[in-house]
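Trainee: I have a model open and would like to go through the reasoning behind some of its labels. Could you walk me through it?

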Amino acid sequence: RWRRCSCIGPSRLACCPPNFPRFLPSVPGFVYATRGETIYVNLYAAGDARIDVGDGRTVTIAQATRYPWDGAVRLTVTPETARAFAIKLRVPGWARNEPVPGGLYRFAQDRDEPVAVTVNGEPVSSALDRGYVTIDRSWTPGDVVSLGTAGCASVLSLAGVCTRSITLLGASTRRPPMYASTKLVPMNNA
C-alpha cells in the first residue's frame with residue numbers, strides 16, 4: 001500500500017501509482033511539438049503522426065526505430081505538397097556526453113562518436129542549437145531523415161557528490177536505459 005503524500009496539497013494524493021496512468025495518455029503530446037512552421041521531434045518512438053503546422057496544413061511523419069535498444073531512427077516526412085519548413089531533432093544528452101544538465105553526473109568515459117544526420121542518404125550539418133539539430137529545407141513527400149546515435153554500455157558516476165542517506169554502489173547505462181544499485185545508509189539523527 002502506498003503512503004499518502006502531504007506535499008501535493010490538501011487532497012493528499014498518493015504520489016506514484018496514480019501518476020503513471022495519468023501520464024501515459026499524455027506521452028503522444030510530448031513526441032512532437034510545433035512553433036510556427038517548425039516541427040520539433042522530442043522523443044523517438046516507432047509510429048505515425050499527423051502534425052498540424054498551421055493554416056490547415058499537415059505533415060505526416062512515420063517514425064521507424066528500435067530506440068532505445070538501437071540508436072538508429074528513421075523518419076519519413078510527408079507534407080501534403082512540397083514546401084519549405086524546419087524540422088528540429090532533439091539530440092539526447094547521453095549522446096552528447098551529458099547524462100543530465102548541470103554537471104552533477106558524468107560518464108566515466110566520454111564518447112567522441114558524432115551524431116549522424118542524413119536526409120535522403122545525404123549528410124546534413126549536425127550542429128546543435130539548444131540540444132536540437134535543425135534541418136531547414138524544402139521537403140517533398142517521402143523524404144527520409146535518418147538520425148544515428150551509437151548506443152553503448154557506459155558507467156555513470158557522481159561528480160564528487162556525497163549524500164547522507166544513500167551510497168551509490170554503481171550505475172550502468174546502455175544510453176539511455178539506466179540500471180543503478182544503491183544502498184540505504186542509516187542516518188545519525190543525533
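**Reading the labels**

Mentor: Gladly, and let's begin with Arg50, which is exposed, with a relative accessible area of 65%. Keep in mind that this is a predicted model.

Trainee: Why is Arg50 called exposed?

Mentor: Exposed means over 50% relative accessible area. Arg50 has 65%, so the label applies.

Trainee: And what makes Glu80 partly exposed?

Mentor: The partly exposed class lies between under 20% and over 50%. Glu80 has a relative accessible area of 47%, so that class is the one for Glu80.

Trainee: How do you know that Glu80 and Arg50 meet in a salt bridge?

Mentor: The cut-off is a side-chain nitrogen of Lys or Arg within 4 Å of a carboxyl oxygen of Asp or Glu. For the side chains of Glu80 and Arg50 the N to O value is 3.9 Å, and the pair counts as a salt bridge. This pair links distant parts of the chain: Glu80 is in the loop between β5 and β6, and Arg50 is in strand β3, 30 residues apart.

Trainee: How many salt bridges are there in the whole structure?

Mentor: A search finds five. One of them joins Glu37 and Arg57, whose closest N and O atoms are 2.4 Å apart. Here too, distant parts of the chain are linked: Glu37 sits in the loop between β1 (32-35) and β2 (38-41), while Arg57 sits in the loop between β3 and β4, 20 residues away.

Trainee: What makes Glu37 and Arg57 partly exposed?

Mentor: Partly exposed is the class between the two cut-offs, under 20% for buried and over 50% for exposed. Glu37 is at 31% relative accessibility, so Glu37 counts as partly exposed. Arg57, at 26%, therefore gets that label as well.

Trainee: Why is Arg83 called buried?

Mentor: Buried means under 20% relative accessible area. Arg83 is at 12%, so Arg83 counts as buried. The residue lies in strand β6.

Trainee: What makes the pair of Glu37 and Arg83 a salt bridge?

Mentor: The limit is 4 Å between the side-chain nitrogen and the carboxyl oxygen. The closest N and O atoms of Glu37 and Arg83 are 3.5 Å apart, and that meets the limit. This pair also links distant parts of the chain, with Glu37 in the loop between β1 and β2 and Arg83 in strand β6, 46 residues apart. The side chains of Arg83 and Glu37 are also joined by a polar contact of 3.5 Å.

Trainee: Which residues does Arg83 touch?

Mentor: Leaving out residues up to four places away in sequence, Arg83 touches Glu37, Val53, Arg57, Val59, Arg137, Ser138 and Trp139. Trp139 is also the bridge partner of Arg83 in β11.

Trainee: What makes Glu37, Asp55, Arg57 and Arg83 one network?

Mentor: They are joined by salt bridges that share partners. You have already met two that share Glu37: the one with Arg57 and the one with Arg83.

Trainee: Let's turn to the strands. How do you know that β6 and β11 pair?

Mentor: Pairing needs at least two bridges. Strand β6 (residues 83-90) and strand β11 (residues 132-139) have eight, in the antiparallel sense. Strand β10 (residues 128-129) is joined to β11 by two bridges, also antiparallel, and Asp129 stands opposite Tyr132 there. β10 and β11 form a hairpin with two residues between them, and Arg130 in the turn has a positive phi of about 55°.

Trainee: In which sense do β2 and β6 pair, parallel or antiparallel?

Mentor: Parallel, over four bridges, with Val41 opposite Leu89 in β6. β1 and β2, on the other hand, run antiparallel and are joined by four bridges. They form a hairpin with two residues between them, where Gly36 in the turn has a positive phi of about 65°.

Trainee: What makes both faces of β2 covered?

Mentor: Thr38 and Tyr40 on one side and Ile39 and Val41 on the other are all buried. In a regular strand, side chains alternate between the two faces of the sheet.

Trainee: And why do β3 and β9 stand at the edges?

Mentor: The open sheet of six strands has the order β3-β4-β5-β12-β8-β9, with antiparallel pairing. β3 (47-52) and β9 (122-123) each have a single partner strand, so one side of each is left without a neighbour in the sheet.

Note on methods: Residues numbered from 1 in each chain as written. Predicted model: local features only at pLDDT ≥ 70, side-chain atom pairs only at ≥ 80, totals over all residues. Heavy atoms only, no water. Buried < 20%, exposed > 50% of the residue type's maximum accessible area, 1.4 Å probe, protein only. Polar contact = N/O pair within 3.5 Å; in protein donor to acceptor, adjacent residues only side chain to side chain. Contact = heavy atoms within 4.5 Å.
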